Amino acid sequence: MKKATCFSDKHYQIGKIDDKLYSSFTEHLGRCIYTGIYEPGHPDADEDGYRKDVMELVKELKVPVIRYPGGNFVSCYDWHDGIGPREKRPRRMDYAWASIETNEFGIDEFCRWAKKAGVEPMLAVNLGTGNIKDAGDLVEYCNHPGGTYWSDLRAKNGSPEPYNIKYWCLGNEMEGSWQAGHLSAEDYTKKALEAAKIMKWVDPSIKLVACGSSYEMLPTYMDWDRIMLTELYNQVDYLSTHNYTMNAGQGITNFLAAYKQLDNHIKNSARVIEYVKAKNHFNKDIKICLDEWNVWNFQDIKLDSLDELQGLTTFEMTSAGKWEIAPPILQEKYSLLDAIVVGGLGITLLNNADVVEIACLAQLVNVIAPITTIKNGGLFKQAIYHPFHMLSRYGHGITMKTIVDAPVYHCDLGDLPIVEPALIYNQESDEVRIFVLNCDREEEVEFAVSLQGYGNKKVKKHLVLDGNDYEIRNSYENQNHVVMKELEIKDENNLQIVLPKMSWNVIILS
Ligand code: AHR
């Protein structure tokens, strides 16, 4: 059996983990909103048409913040269409996803849903086809107490109390030509700066998220952030970036190493923040808002490699029959392997807790999501639900520095240790919680935990995500094909813990 050691001293911390690391995202895309979180007439819908079964899982996942309404959708969206009497709301062509938007569900429905679900809304404004006055008006509609046109209209529409939305995204992926109203870095900077100014005039307490680079293949990667942040640094609180991992032709080992690719990606965003701060002698710090991340295998279309994605429009990326209402697109069916990779990505989030404050698993329901609903029927948890659930349940406290001594495996990103841990200290429970990936595809690994300064710790729990068939998936009929398994602790004093081959593990020491 291969052996690995993970050493941690209680004096050496990476950073405090923000609860917002376990946030998510709902977009008007496919069946995320319609027949996802909202389905009037469904047997389990409440008086507002919200699916209670979905809400229960959102509560189980303890999702703190949910971003809305897009995504690419927001760059074509006029928020006015989604307020007021439903029968008067217009049907529009949604250019982003070649779908029909009925506008039955809008800002008010989302904020009311969020309140019931116990989540904090994060709104994105349209800086593509939208204008800066509309962005200011939306802040007024949501946050101003009353006595003005938009705030009084909110009250008339059923919400006298302001929603007090704190987090606001200044557009979505504005760097990309697939975005309706895509801008150059310079033009985005001007527009975002003016939008930020107006939005903060309306409510100075809001926190703003600026669009950063998300796609490493774009020639503007990182230059975009440098140009934009040089002007916007002092107006914003977060730099947004997105990261999707795809299993297409690169082989299992490289797919598994996605945690390292995400780590490089996050560190690049952190470096550009530091560069702009240093270059301009700025004082404050801004954090990263990874407001879209997940495994996304583009199962709607057949791809042999990631390169084939380049140049495709969002229309071509889906198998959408054009201009349907809530078409069943981007409904990924996640495998055990995908779930292990999502667990690995979660380890990277924890190990970057010093720079990433918000991270949104994209998305929440039906669209590249941990929850799948059946229209007019039940629901089930996709394989990726389980690692995300474990992260949101146990991933609280301080991420500690670790030193890992282990054999390496080879992948396109270089030689990496066969184990990838994130070690957390939870002060309230005095527990050490370890999330660890065993990347060895052939063998179990003996993982020796060497702790200094934590007192005497015993192994209390060992949960694992593994199996012999990495292609198994959950479905409505087979809901428990992929679940977390609890292993028997044979000797709680033995901190040399055996990690099954190619597995994602949660180990609790107390
Ligand atoms: O989450 C799906 C899409 O991925 C979002 O609309 C967009 O922001 C990203 O490209």
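Visitor: How far from an oxygen atom of the ligand does a polar side-chain atom of E292 lie?
Guide: This is a predicted model. E292 is one of the residues that come nearest to the ligand, out of 14 around it. The gap between a polar side-chain atom of E292 and a ligand oxygen atom is 2.7 Å.

Visitor: At what distance from an oxygen atom of the ligand are polar side-chain atoms of N172 and Q363 found?
Guide: For N172, a polar side-chain atom and a ligand oxygen atom are separated by 3.0 Å. For Q363, the separation between a polar side-chain atom and a ligand oxygen atom is also given as 3.0 Å.

Visitor: Which of the 14 residues around the ligand come nearest?
Guide: E292 has a polar side-chain atom 2.7 Å from a ligand oxygen atom, and E292 belongs to the group in question. The nearest of the 14 residues are E27, N72, E173, Y244 and E292.

Visitor: Which residue ranges does the domain assignment give for the protein chain?
Guide: The assignment splits the chain into two parts, and domain 1 is written as two segments. The C-alpha centres of domain 1 and domain 2 are 30 Å apart. The ranges are 2-10 + 399-509 for domain 1 and 19-394 for domain 2.

Visitor: How many residues does the contact take from domain 1 and from domain 2?
Guide: The domain assignment gives domain 1 and domain 2, and a contact here needs heavy atoms within 4.5 Å. On that basis domain 1 gives 40 residues and domain 2 gives 37 residues.

Visitor: What area is buried between domain 1 and domain 2?
Guide: The size of an interface is often expressed as the accessible area lost when the parts come together. Carbon and sulfur atoms give 70% of the area in this case. The buried area between domain 1 and domain 2 is about 3,200 Å².

Visitor: Which three residues supply 16% of the area that domain 1 buries against domain 2?
Guide: The share is counted on the side of domain 1, and no other three residues supply more. The three are R473, Y476 and W504.

Visitor: How many salt bridges and how many polar contact pairs are counted between domain 1 and domain 2?
Guide: A salt bridge requires a side-chain nitrogen of Lys or Arg within 4 Å of a carboxyl oxygen of Asp or Glu. Between the two domains the salt bridge count is 0. The residue pairs in polar contact across the interface number 14.

Visitor: How do the residues of the side of domain 1 that touches domain 2 divide by type?
Guide: Several strands each supply at least two residues of this side, among them strand 20 (419-426), strand 21 (431-438) and strand 26 (503-509). The division is 24 nonpolar, 7 polar and 9 charged.

Visitor: How many residues apart in sequence are the parts tied together by K3 and E446?
Guide: K3 and E446 form a salt bridge, with their closest N and O atoms 3.4 Å apart. K3 is in strand 1 (residues 2-9) and E446 is in strand 22 (residues 445-452), so the pair ties together parts whose separation in sequence is 443 residues.

Visitor: Where does P69 lie, and what is the peptide bond from Y68 to P69?
Guide: P69 is in the loop between strand 4 (65-68) and strand 5 (92-94). Omega for the bond from Y68 to P69 is near 0°. That peptide bond is cis.

Visitor: What is phi of D430?
Guide: D430 sits in the loop between strand 20 and strand 21. D430 is not a glycine, yet its phi is positive, at about 55°.

Definitions and conventions
Residues numbered from 1 in each chain as written. Predicted model: local features only at pLDDT ≥ 70, side-chain atom pairs only at ≥ 80, totals over all residues. Heavy atoms only, no water. Domains from an automatic or database assignment. Buried area = accessible area lost by both parts, 1.4 Å probe. Polar contact = N/O pair within 3.5 Å; in protein donor to acceptor, adjacent residues only side chain to side chain. Helix = DSSP H or I, 4+ residues; strand = E, 2+ residues; numbered from the N terminus. Nonpolar A, V, L, I, M, F, W, Y, C, P; charged D, E, K, R; others polar. Near = heavy atom within 4 Å.
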